[in-house]
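Me: I should like to examine the terms applied to this model and to see what each one rests on. Please set every value against its definition.

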Amino acid sequence: MVIAEGITKRFGNTLAVDYLSVEVQSREIYGFLGPNGAGKTTTIKMLTGILRPDSGSIEILGMDMKDREMEIKRRIGIVPEEPKMYENLRGHEFASFIMEIYRVHRDETTRRLSEICQAFQIDYLDRFISDYSHGMKQKLMVATTLMRQPSVLFLDEPTVGLDARSAKILKLLLRRMADNGAAVFLTTHVLEIAEKMCDRIGIIDKGVLIAEGTMEELRSRSRREDDVSLEDLFLELTGAEELRAIIDQMGE
Ligand SMILES: Nc1ncnc2c1ncn2[C@@H]1O[C@H](COP(=O)(O)OP(=O)(O)O)[C@@H](O)[C@H]1O
Ligand SMILES: [Mg+2]
């Protein structure tokens, strides 16, 4: 469903993403995990056709991003890091606008939207988006994206701004979509989120994919003998172990 090969993006002297290859299958929730500035947003922007890679290739649903960009964009769903929405629309107007753009089947889509709104406790569709908090926008963005039932779904830090209950709902909705055949690619800087929500995890640091696998595979990759936590492994891989030692000393 998603195949990226050797994608690279440079901003001036910053190598944001360095020859990265990644694949996501149908029925899979792939977690792209890394610290701030690792290159997660840049990667997701390339995968969704928002940013053009300097080199490398991207194939979504068997279509090459270079020559089928519009068709790909019609078929995928994107929940960006900063949901940019028309602030002077009310929530329900925004949802109608999305339905018109994507020419979805209205009755069916409206039914799904109301189901998702109920799950997320979105009871503010009559209010202007300009009055929404980040979390409220995030939930509406997720709802209007999921109502289209895209077969490939990209979410950039989707749980930022969501309360625990909404994060749990999101997890269940994504699982259901994946079980119905969708491929889900989400980024997060929170290890616990990746661990809870994803079937497979790729760890990115300084633009490089440094480890990839299921939780079990990542754990077994640790240099240590004992039962290491994924958090320790993450810190080990991203070279943050000294940081932890410093913090531990501070507490003494
Ligand atoms: N438009 C841009 N111009 C210049 N540098 C950028 C731009 N976007 C991202 N970067 C840089 O690329 C690196 C990766 O950023 P980003 O992909 O946003 O990381 P993440 O989403 O993992 O926090 C960072 O060093 C960031 O400062
Ligand atoms: Mg980001």
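Reply: Helices (H or I, at least four residues) and strands (E, at least two) are DSSP runs, numbered from the N terminus. This is a predicted model, in which local features need pLDDT of at least 70 and side-chain atom pairs count only at pLDDT 80 or more, whereas totals for chains, interfaces and linings use all residues. Residues are numbered from 1 along each chain as its sequence is written, and chains are lettered from A and ligands numbered from 1 in the order in which they are written. The chain has 10 helices and 10 strands.

Me: Which element gives the most to the shell around ligand 1?

Reply: Helix α1 does, with 3 residues. A residue belongs to the surroundings if its C-beta atom, placed from the backbone, lies within 6 Å of the ligand. The residues that meet this for ligand 1 are Phe11, Thr14, Ala16, Gly34, Asn36, Gly37, Ala38, Gly39, Lys40, Thr41 and Thr42. Both β2 (14–24) and α1 (40–47) supply at least two residues of this shell.

Me: How many residues of that shell are nonpolar, polar and charged?

Reply: There are 3 nonpolar, 7 polar and 1 charged; Ala, Val, Leu, Ile, Met, Phe, Trp, Tyr, Cys and Pro count as nonpolar, Asp, Glu, Lys and Arg as charged, and the others, Gly among them, as polar.

Me: What makes strand β7 mostly covered?

Reply: Of the 5 residues in β7 (152–156), 5 are buried, that is, 20 or more other C-beta atoms lie within 10 Å of their own (exposed is 12 or fewer, partly exposed in between; C-beta atoms are placed from the backbone). Val152, Phe154 and Asp156 point one way and Leu153 and Leu155 the other, and all are buried. In the whole chain, buried residues make up 37% of the 252.

Me: How do you know which strands pair with β7, and in which sense?

Reply: Two strands pair if DSSP finds at least two bridges between them. Strand β6 (residues 76–79) is joined to β7 by 4 bridges, in parallel, and β7 pairs with β8 (residues 183–188) over 5 bridges, also parallel. Leu155 is the bridge partner of Val79, and Leu186 in β8 is the bridge partner of Leu155.

Me: Why are β2 and β5 said to stand at the edges?

Reply: The open sheet has 4 strands in the order β2-β1-β4-β5, with antiparallel pairing. β2 and β5 (63–64) each have a single partner strand, so one side of each is left without a neighbour in the sheet. Inside the order, β1 (residues 2–11) and β4 (residues 55–60) pair over 5 bridges, with Thr8 opposite Ser55.

Me: How is the packing of α4 with α6 described?

Reply: Helix α4 (residues 106–120) and helix α6 (residues 164–179) pack at about 145°, with axes 9 Å apart. Axes are lines fitted to C-alpha atoms, for helices over the stretch in contact, and angles run from 0 to 180 degrees between N-to-C directions. Ile116, Ala119 and Phe120 of α4 meet Ser166, Ile169 and Leu173 of α6, where contact requires C-beta atoms, placed from the backbone, within 7 Å. These residues divide into 5 nonpolar, 1 polar and no charged.

Me: Why does the radius of gyration agree with a compact globule?

Reply: For 252 residues, a compact globule would have a radius near 18 Å, and the chain has 19 Å, which agrees. The radius is taken over C-alpha atoms, and the globule rule is 2.2 Å times the number of residues to the power 0.38.

Key:
Contact = placed C-beta atoms within 7 Å.
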